[in-house]
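Please open the model in a viewer and keep the sequence panel visible. The tour below proceeds by selections, each followed by what is to be found there.

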Amino acid sequence: MMNQINDTGVLSSQLSKVSNKYKSYTINNFRKIPQIADNFSDEELFEMEVVATVLPFKSNNYVVNELINWDKPRKDPIFNLTFPNRSMLKGHHFDMLAERMKFGADKAEIESIARKIRMELNPHPAGQSKLNLPRINGNVVEGMQHKYDHTALFFPKQGQTCHAYCTFCFRWPQFVSTDELKFATKDIENSIAYFRANPQITDILFTGGDPMVMSPRHFAQYIDALIDAKLPNLQNIRIGSKSLAYWPQTFLEEDGDIILGAFKRAISEGKHIAFMAHFNHHVELTTPAVQEAIQKINATGARIRTQSPVFKNINDDPKVWSAMWKEQVRQGCIPYYMFVARDTGAQHYFAVTLERAWKIFREAYQNVSGLARTVRGPSMSCTPGKVQILGVVEVAGEKVFALRFLQGRNKNWIHRPFFAKYNPDAIWIDDLEPAFGEEKFFFEEELEFKYKSIFRHEDIDDYIGVNYSQN
Ligand code: SF4
């Protein structure tokens, strides 16, 4: 039976099947999960609730029953991926909220404290909320971001949630009820107009949340609108999604054919469909459901490229990465990116040092065949661009990090090596200083100029200087 589109268009294909299949677990019902009741004390459950009051929390029956190993849940990577624990909030944040919750503060006060904490967690890293806003005739195009020359991000209104929430997510403001923190649009016409006005853009990236939570019919309408627009510059339609890991049934049931059909139509019109799949661990590639879903997407002619950040408590082990990349290649996927934990949300809990990230990447890369070496990283998505850590080396007697841009706000920055003083504790670009006695990195003055032209004099102190990723 075909699914109905609900009022909001959100999750309609999946929610319509909730009664017999999809079931989400949130702060309101997670205590009813038998495996949770069996493994955690009341105090631990309360701690989860405190964290989930600040950071969004959602898991589902597929994740709980198919992916998590409940023998040792606290050590299980997929458990840590979707369930909160108290260490995900900094101690003073946790204590501030826990105390008020224990003493029965009312809902408004709890939400006010949670909101205050959220605002201290850098909700829009890398200048998303101001630096990346596209404009036509001076007017902001809602629901889009445009940071790099060739690629524009599109946030469909119906795709601003996910089948489950990752505890590390840098898009977490999309899921909390703070409307001014969100990007979203249901109007692709404005985006099409922006494409026409910017012939250098070749790629559109559907993102969210997860665009694959939307009704397949909505998704197909967006794709058809892009095809009908006959944009000569549009070559690649990318879909950033974790649905293969969190709800591969999206592609297996009757409605899945609507999505796959949209892929086929775009491909027959000469567009490339790049499905940017988010996998954090090889466990996510092991179920019959995900393997069948991958086969179905590949059969349309779309290509699946894979990406993930490297995180403590989830995948900070080169063996996990080499196993994941090998399995992805075996199933016909293309390893694409290893990222570094972004400077937002629970970064203190997940971040590995830049040196450690590089070592994990290097050892994993050494242990896969050339077919998996399409992957790039480790990379920081920060305000100036995507900065890759090439390694730690000694140059002219000084120990340094060798770095380069994989993407840059100015394309002339790309693939130009540069160096930072070695800092064994660095977890993000903010922790790095130029090597060899230089005062600034080579791109810094131009970046400051860009900031000034965008912000004029407002907020300027918050945005310039070495703290590139402050927003
Ligand atoms: S699937 Fe993506 S957008 Fe959704 S919670 Fe995970 S990282 Fe965030």
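Helices (H or I, at least four residues) and strands (E, at least two) are DSSP runs, numbered from the N terminus. The structure is a predicted model, in which local features need pLDDT of at least 70 and side-chain atom pairs count only at pLDDT 80 or more, while totals for chains, interfaces and linings use all residues. Residues are numbered from 1 along each chain as its sequence is written.

**First selection: helix α6**

Select residues 91-102, which form helix α6. The expected span of a helix is 1.5 Å times one less than its number of residues. For the twelve residues of α6 this should give 16 Å, and the end C-alpha atoms are indeed 16 Å apart, which agrees. Then move to Gly104, which follows α6 and has a positive phi near 70 degrees.

**Second selection: helix α12**

Residues 288-299 form helix α12, again with twelve residues, an expected span of 16 Å and end C-alpha atoms 16 Å apart. Colour its residues by burial: a residue is buried if 20 or more other C-beta atoms lie within 10 Å of its own, exposed if 12 or fewer, and partly exposed in between, with C-beta atoms placed from the backbone. The buried residues of α12 are Val290, Ala293, Ile294 and Ile297. They cover an arc of only 100 degrees around the axis, so they lie on the same side of α12; the arc is that of the directions from the helix axis to the C-beta atoms. Turn to the other side of α12, where Pro288, Gln295 and Ala299 are exposed.

What do the buried residues of α12 pack against? Their partners are α10 (243-246), β9 (272-278) and β10 (303-310). Contact here requires that the C-beta atoms of two residues, placed from the backbone, lie within 7 Å. After α12 comes Gly301, with a positive phi near 100 degrees.

**Third selection: strands β13, β14 and β15**

Select residues 385-395 (β13) and 398-408 (β14), which pair in the antiparallel sense over ten bridges. Two strands pair if DSSP finds at least two bridges between them. Gln388 has Arg404 of β14 as its bridge partner. The hairpin has two residues between the strands, and Ala396 there takes a positive phi near 50 degrees. Add residues 418-421 (β15), which pair with β14 in the antiparallel sense over four bridges. Phe401 stands opposite Ala420 in β15.

**Fourth selection: the nonpolar core**

A nonpolar core is a set of buried Ala, Val, Leu, Ile, Met, Phe, Trp, Tyr and Cys residues joined through C-beta atoms within 7 Å. The largest one has 120 residues, and those with the most contacts inside it are Val51, Val63, Ile223, Ala357 and Phe401. Helix α15 (residues 354-366) supplies the largest share, six residues. Domain 1 (23-119) and domain 2 (125-381) both give residues to this core, so it lies between them; these bounds come from an automatic or database domain assignment.

Centre on Phe401: beyond four places in sequence, the residues that it touches include Leu354, Ile389, Val392 and Phe419.

**Final selection: Leu354 and Gln366 in α15**

Leu354 lies in helix α15. Is Leu354 buried or exposed? With 27 other C-beta atoms within 10 Å, Leu354 is buried. Leu354 and Val392 are 38 residues apart in sequence and 9.6 Å apart in space, C-alpha to C-alpha.

Gln366 also belongs to helix α15. Gln366 is exposed, with 10 other C-beta atoms within 10 Å. Its C-alpha atom is 8.5 Å from that of Ser322, at a sequence separation of 44 residues.
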